[in-house]
Amino acid sequence: MLRFAHYNSQTHLRKLVFSSSNIGLLHMGSKLFLKPATPSSPLSSRRHLYNSCKCLVPTFCSKPISKIRPYFLKTNGFTSNATVPAPVHGGDSEVKNFRKLEILRRKLEELGIEMDTFTPGQHNHLQCPMVSFITCYSVACQLYRSLASAGSGASWTCFRAKCGWSGGTRPFAGRNSTYESSIQDNKVKQKREITVESLKLEPLCSELIGYFAERLISAETLQRNRVMQKSYGSQIMIAFTYWRNGVLTSCKYRDSNKKFLQERDTEKIFYGLDDIKEADDVIIVEGEIDKLAMEEAGFRTCVSVPDGAPPKVSSKELPSEEKDTKYQYLWNCKEYLNKASRIILATDGDPPGQALAEEIARRIGRERCWRVKWPKKNKEEYCKDANEVLMFLGPNALREAIENAELYPIRGLFNFRDYFNEIDDYYNRTLGYECGVSTGWRALNELYKVMPGELTIITGVPNSGKSEWIDALLCNLNSSVGWKFALCSMENRVREHARKLLEKHIKKPFFDARYGGSVERMSVEELEEGKRWLNDTFYLIRCEDDKLPSVNWVLDLAKAAVLRHGVRGLVIDPYNELDHQRPISMTETEYVSQMLTLVKRFAQHHACHVWFVAHPRQLHNWVGAPPNLYDISGSAHFINKCDNGIVIHRNRDPETGPLIKYRHNPNVWVCVRKVRNKVVGTIGDAALSYNRYKTSIYINMVVAEVVIPQEEPKKDVEESKKDVQEDCQVKEVEDDDNSKPKTVQKALLTRKRATFFLILRSLRKRP
């Protein structure tokens, strides 16, 4: 018989009709002729959910014509690789097959399976008799039945998840002809009731008592814990009996080769469970002998796991109580463990023992667990378990190890004691750079120093010299402490950036051009030496394709530079050149917060200082004053989350000119607006002179120096204060022009007052 998909208009389900045989499906091309079989009478049944599928009986040619290989029909959810039997007509075989079908029908009816049509090779969808509360019109539970060829057997499966009843039967196979199983049957297993007499347990012989005595375990301890023996042929095995409320629950055996056996179909519980009733402190060990050793040290509230330790911690999620078969003893004894306030995990010190401690802790809660560290057995080795400590060091050492148990580590939760060594090194200044690294400029060192593991945000209006100042700072750090840096500078071409760094390192112009003035150009030998310096000091992070680099991409490459080349500093210049795609539901403030968190974690984990350049937003009614860190485009988190905030600024007010008179040409203000660590700096302003003709280097300046003619007599502080105050008042009156905006007038007045107090402070310092 061939199998074809048949559509039933009443059930709207696509079904597949098939039977089994030794002949595969044959595609006969255009020579295949089919005629419908005589349908059975449409009898109804209460147990029918769907009508039976109709079969089509093929008529085969005398021999195959097509050479195309057989194929199998497919339907939604059903496929069949069954084969087709050749038709059998007449003779004793038909009578025998009919008898088989009648026997199968009776056996299936005894199981509650009733069908109207009983054709070999047919599949029927019925209601499962095991779920009696479902009406005949419900499809929550279906029965899938398959008849083999010539009535040789039948099988069924219920596809309801909570039932899963399945089985099979044959017409002539003795009393074991029918088999069945169910998911519910697998869940509920009958536990064996065992006794000492049924297991034929005996008291320990003198030989086994001597074996335990070698392990410093007394006969009284063995008797109290009901350790017995069992004869197995010519061999005697140790029997560790498991009791719950005085009833024998299970038994575990150990032979002379340290092989373990357990009684089957018994409940999994702790060994020594009755000893931890109403106990506040519970000790869990890995073996029964370790539990006996704990009792020799004075700890009776101790239990042992029944199944030993796993090879490693499972990487899968914690299973449910029903599926957690490996650690079912924890769930069976949870009412005992829930009463305990402290659970001490004294498992073995090897990797499997530590894995067992982790598996137990993740199930009962790490917050209640304590961990035991076993002492040294000798100068080189540590004791493995409790019994080794008892044998080699004695009961006092075992008691001390339990009393000194430590809190079980919880990821993300620490104690200051975990960092005492680091605090001592910080106090003794043995870590290096405890007070930061000098910037190379005396005027700036009092305000800002470079500390590994921190984030510095740098801002300033365009063309203020932010990148130039960072390059000069990196050159100073490399010259003083030999640091290496990773540069992610998207605004500079590689050759242009190399020229700027070489000019600051060699202190000569790269070209013989007008910007270098009369300074001699660097020689070829100096260029070659500078190229080697560039190659050893800086590592470039660049995205060569058309895509914008993301922060994660930059940090991944920076991590590789730290691990491979020992980089101590990272420059990201600027923020707006990165890819900042974010989910639609995320605001820019939230994105900036998460991004800066990633950057700070990178800096802290790798002890790498990060300089992050971010431009300010468009400044309305700007009068030339330095911007604030809150003016950075994007979010206020730039100042909230950074460790240091610096504004690079040049005075650009054409009316006021330089704020203060300097000994050198004033160009750059380094305004330190935030310092989190007071050890390395404080808030303030420092002035640096930008020498364009000496290859764009910065030099120290003397701030707020008042130039006083030599021929004039010196005035005391009060007279000078009075003169300056009068001069400022006159200038304020002269500059009070109503034609100027009020914001400009206010800014000018604030600058002049600041100038007055700076001059006053310098006068007080004069002799």
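Which residue takes a positive phi in the hairpin of β13 and β14? In this predicted model, that residue is Asn 245, with a phi near 55 degrees, in a hairpin that has two residues between the strands. Residues are numbered from 1 along each chain as its sequence is written, and side-chain values use heavy atoms, with hydrogens and water left out. Because the model is predicted, local features need pLDDT of at least 70 and side-chain atom pairs count only at pLDDT 80 or more, while totals for chains, interfaces and linings use all residues.

The hairpin belongs to an open sheet of four strands, ordered β12-β13-β14-β15 and paired in the antiparallel sense. Strands here are DSSP runs of E with at least two residues, helices are runs of H or I with at least four, and both are numbered from the N terminus; two strands pair if DSSP finds at least two bridges between them. At the edges lie β12 (227–232) and β15 (260–262), each of which pairs on one side only. From one strand to the next, the twist averages 35 degrees.

Walking across the sheet, β12 and β13 (residues 235–244) are joined antiparallel over six bridges, and Gln 229 has Ile 238 in β13 as its bridge partner. Between β13 and β14 there are seven bridges, again antiparallel; here Thr 241 is partnered by Cys 251 in β14. The antiparallel pair β14 and β15 has three bridges, with Tyr 253 opposite Leu 261 in β15. Five residues separate the strands in the hairpin of β14 and β15, where Lys 258 takes a positive phi near 60 degrees.

Two helices accompany this sheet. Helix α3 (residues 206–214) lies across β12, β13 and β14 (247–254) and runs at about 70 degrees to β13. Helix α5 (residues 288–296) packs on the sheet and touches β12, β13 and β14, its direction making about 70 degrees with that of β13. Such angles run from 0 to 180 degrees between N-to-C directions, with axes fitted to C-alpha atoms, for helices over the stretch in contact; contact means heavy atoms within 4.5 Å. β14 is mostly covered, with seven of its eight residues buried, that is, under 20% relative accessible area with a 1.4 Å probe, protein chains only (exposed is over 50%, partly exposed in between).

A word on confidence is useful too. The predictor's confidence in each residue, pLDDT, goes from 0 to 100; its mean for the protein is 76, and 68% of the residues reach 70 or more. Over residues 1–90 pLDDT stays under 50, and the model has 153 contacts beyond four places in sequence for this stretch.
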